[in-house]
Amino acid sequence: MPPRTALRRLLSSRLHPVGRRSPPQPAPAVADEGPLPDPYALLVHDPIDLLSSLWRRAFAHPLPAPVPNLSGYASRLDLWLLSYQRACAHATGSFPPRHAVSLPTLNSLLRLRASALRRHPAFNWGASTHLLLRSPSDPPSTVPVSRRKLEARLANAPPPFQDRVVQELLLLLLEPVFEPRFSPKSHAFRPSRGPHTAIRSIRSHFAAYLWFISADLTAVVDALSSDTILSCVQKAVSDRKVLSLLKSALNAPVRPGSVPLREKELDGLAKKRLKRKVLRKSRKKKVLNENEPKPDPYWLRLFFGFAPEQACHVPNYGHCGILSPLLANVCLNELDWWMEERIHEYFCPSRHDSIWKEVGDEGCHNPAWPEFVPSSGKEKTRKMDYLRFGSHVLIGIRGPREDAVEIRRQLMEFCESTFGLRPENSMVEIEHITRGIEFLDHVITRRVIYPTLRYTASGGNIVSEKGIGTLLSVTASLQRCIRHFRKLELVKGDRDPEPLPCSPMLYSGQAHTNSQMNKFLETMADWYRYADNRKKIVGFCAYVVRSSLAKLYAARYRLKSRAKVYKIASRDLSRPLRESTRNDAPEYSDLLRMGLVDFIEGVQFARMSSIPSCDYTPFPRNWVPHHELVLREYIKLQDPKFFCELHKTIKRKEINSPQDDVSRIVWYYKVYGVYDAKRFLMKSNEWKNNDEAVNKENQILLDT
């Protein structure tokens with residue numbers, strides 16, 4: 001062993017004593033082929049640099065040919081260590097530093113890497129015994145158990161930690177490969193895209209559409225076969241080791257106990273029992289273990305309860321885990337590009353239409369302006385647009401209903417021929433814009449307005465005419481909001497909902513409770529940012545929260561009614577309530593000044609004037625996320641041809657840097673007494689020409 005390697009091992013054992021206290025790693029499932037290499041000698045690259053090079057390579061050459069070599073990246077121990085850190089952050093809630101990972105853990109990562117990249121035998125997904133890598137939160141089991149209990153534990157055991165590490169690695173490798181190939185029409189399970197981008201796209205690009213096709217392809221996506229998924233992946237990836245690892249993850253049997261039950265799979269009695277069990281646990285004080293992650297705060301759990309139905313469902317294929325949403329997008333990408341072709345084929349502009357001339361035109365770019373386009377008859381412009389969020393599809397059609405029926409039939413036939421499954425008729429519906437289309441807890445409809453058009457006619461006369469136009473309206477669904485509140489047990493009733501006391505915050509102080517609910521209201525105001533009725537829906541949420549807290553405080557401080565709570569604590573509940581029950585206590589202002597009590601924040605949005613209005617910022621059709629924009633600009637600057645052309649353009653147009661301009665201005669001002677050199681040269685030329693003219697005249701006079 002070289003002396004430098006021995007010294008590095010000695011220093012690592014001294015600097016990282018965590019490895020001594022960590023439980024001993026079990027023997028691997030397969031026999032070692034040879035001695036393990038030194039892991040510290042393999043950690044020579046920055047994993048962020050490796051991933052950045054992969055992203056640059058994928059976006060610089062987005063060719064239709066598949067990427068041939070990913071094994072070189074998959075064999076890097078630096079990326080395996082990064083995957084381990086991300087898996088630890090998910091399991092324990094903290095991202096471990098790179099230098100804090102012990103030597104036994106690095107050796108286990110080497111064994112896991114060798115087992116995952118070996119094609120024969122395939123990697124053992126979902127292993128319950130002979131694990132190659134354990135989670136840092138798993139305590140070592142030293143208590144003997146019977147065989148029956150051991151079999152029951154193994155049958156109901158969650159997926160092993162080592163599977164999560166391998167899934168993280170595959171996600172790091174496959175995401176940059178597929179991102180430049182995805183259509184900009186998909187907005188789910190992608191970086192920097194989400195429900196807000198989908199709602200903004202609908203507001204800016206779906207104006208003046210009459211018929212909408214709303215399709216729920218969840219049943220098709222959940223039933224995709226492994227052969228269909230692999231055939232879609234092979235169009236972009238041809239690395240055999242990565243494909244073999246992905247195939248084994250799709251085809252390996254899954255234990256029934258390791259799959260979490262969904263709420264719809266439980267009957268009514270099981271739901272009641274589960275609800276009572278959860279309620280008992282919530283009332284009981286829980287002490288966290290040493291390495292157990294902290295639960296999400298109450299305001300965040302409330303906000304997660306408002307997740308739209310389209311965003312709640314996450315696909316799951318075999319042992320792919322966190323890789324499943326990416327695989328679903330890979331398969332549905334075929335549908336995205338097929339719809340792009342249909343959009344170009346269907347477009348047929350009218351000769352009287354001055355807004356849409358090409359298929360890529362944005363039309364009226366500002367969504368606040370009405371559309372004055374013929375809406376019926378032969379002179380109507382035929383146009384179509386498409387958007388997908390996960391497995392939910394929205395198609396807007398400007399044309400007769402027969403065209404919508406034909407496109408619906410083609411969509412169902414495409415799903416049957418490509419994915420092998422035909423969606424049910426009830427899952428693909430055709431709705432008119434006047435009835436309202438619900439998507440991501442927002443209702444898409446239109447308002448008819450009659451503005452007065454004033455223009456100057458021939459002869460200078462001002463003519464005023466009454467016009468008609470349609471304005472796209474995207475409003476938040478109040479019924480959905482009430483339903484979410486009712487599910488969270490904060491209101492009861494549908495038509496006239498009555499707020500209920502916020503019982504989970506019963507044992508929290510007034511300052512902490514108000515702070516938690518303010519964070520929830522701020523998040524809800526941001527969630528409904530692009531809704532036309534933002535003030536109304538956020539005001540309703542603030543009313544429910546404020547009434548719920550008032551009932552809670554009335555029960556806690558024995559005030560009997562909300563009116564007494566509002567009388568003491570004011571409308572926003574910012575004044576302390578403890579003084580009314582303890583008159584001998586010092587004043588709250590004195591305690592606050594001494595730092596003995598926390599500052600009580602008032603509940604936000606107590607008045608409608610404090611609620612922000614809807615954000616009508618236009619959403620460009622060619623919008624790309626900021627990270628993609630920076631990446632493409634960086635790739636352009638790295639190209640020598642582009643840099644040479646840019647340099648020539650600067651030289652040709654005499655474009656100087658601001659520093660050069662400032663230096664030239666200061667120099668000419670000090671030397672010539674003028675700010676601009678061009679003006680000085682023009683003046684000097686004028687003076688010179690005037691002097692020459694005067695000299696010529698004098699010479700003529702002298703000659704005569």
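**A buried aspartate, a covered strand and a covered helix**

Let me start with one residue, Asp 615, which counts as buried at 17% relative accessibility, where buried means under 20% relative accessible area, exposed means over 50%, and partly exposed lies in between, with a 1.4 Å probe and protein chains only. Before I go on, please note that this is a predicted model, in which local features need pLDDT of at least 70 and side-chain atom pairs count only at pLDDT 80 or more, while totals for chains, interfaces and linings use all residues. Residues are numbered from 1 along each chain as its sequence is written, and side-chain values use heavy atoms, with hydrogens and water left out.

So what does Asp 615 pair with? Asp 615 forms a salt bridge with Arg 529, and the closest N and O atoms are 3.2 Å apart; a salt bridge here is a side-chain nitrogen of Lys or Arg within 4 Å of a carboxyl oxygen of Asp or Glu. Asp 615 sits in the loop between α23 (588–594) and α24 (626–638), and Arg 529 in the loop between α20 (510–527) and α21 (534–556), so the pair ties together parts that are 86 residues apart in sequence. Arg 529, for its part, is partly exposed, at a relative accessible area of 32%.

The whole structure holds 22 salt bridges, and I will pick out a few others. Asp 336 bridges to Arg 388, with 2.9 Å between the closest N and O atoms. Because Asp 336 belongs to helix α17 (residues 324–346) and Arg 388 to strand β2 (residues 383–389), this pair links parts 52 residues apart in sequence; helices (H or I, at least four residues) and strands (E, at least two) are DSSP runs, numbered from the N terminus. Both Asp 336 and Arg 388 are buried. There is also a network of salt bridges that joins Glu 309, Glu 438, Asp 441 and Arg 480.

Now to strand β9 (residues 469–476): eight of its eight residues are buried, so β9 is largely enclosed by the rest of the structure. Gly 469, Leu 471, Ser 473 and Thr 475 point one way from β9, while Thr 470, Leu 472, Val 474 and Ala 476 point the other way. Strand β6 (residues 442–449) pairs with β9 in the antiparallel sense over eight bridges, where pairing asks for at least two DSSP bridges between two strands. One of these partnerships joins Arg 446 to Leu 472 in β9. In contrast to β9 itself, Ile 468, in the loop between β8 (462–466) and β9, is exposed, at 54% relative accessibility.

Which strands does helix α10 pack against? The buried residues of α10 pack against β2, β3 (392–398), β5 (437–439), β6 and β9. Helix α10 (residues 195–205) is mostly covered, with nine of its 11 residues buried, among them Ile 199, Arg 200 and Ile 202.

Finally, how far may we trust all this? The mean pLDDT, the predictor's confidence in each residue from 0 to 100, is 81 for the protein, and 77% of the residues reach 70 or more. Among the elements, strand β1 (residues 211–216) has the highest mean pLDDT, 95, and helix α2 (residues 18–21) the lowest, 34. Over residues 1–32 the pLDDT is below 50, and this stretch has 31 contacts (heavy atoms within 4.5 Å) beyond near neighbours in sequence. Where pLDDT is low, the predicted coordinates should not be read in detail.
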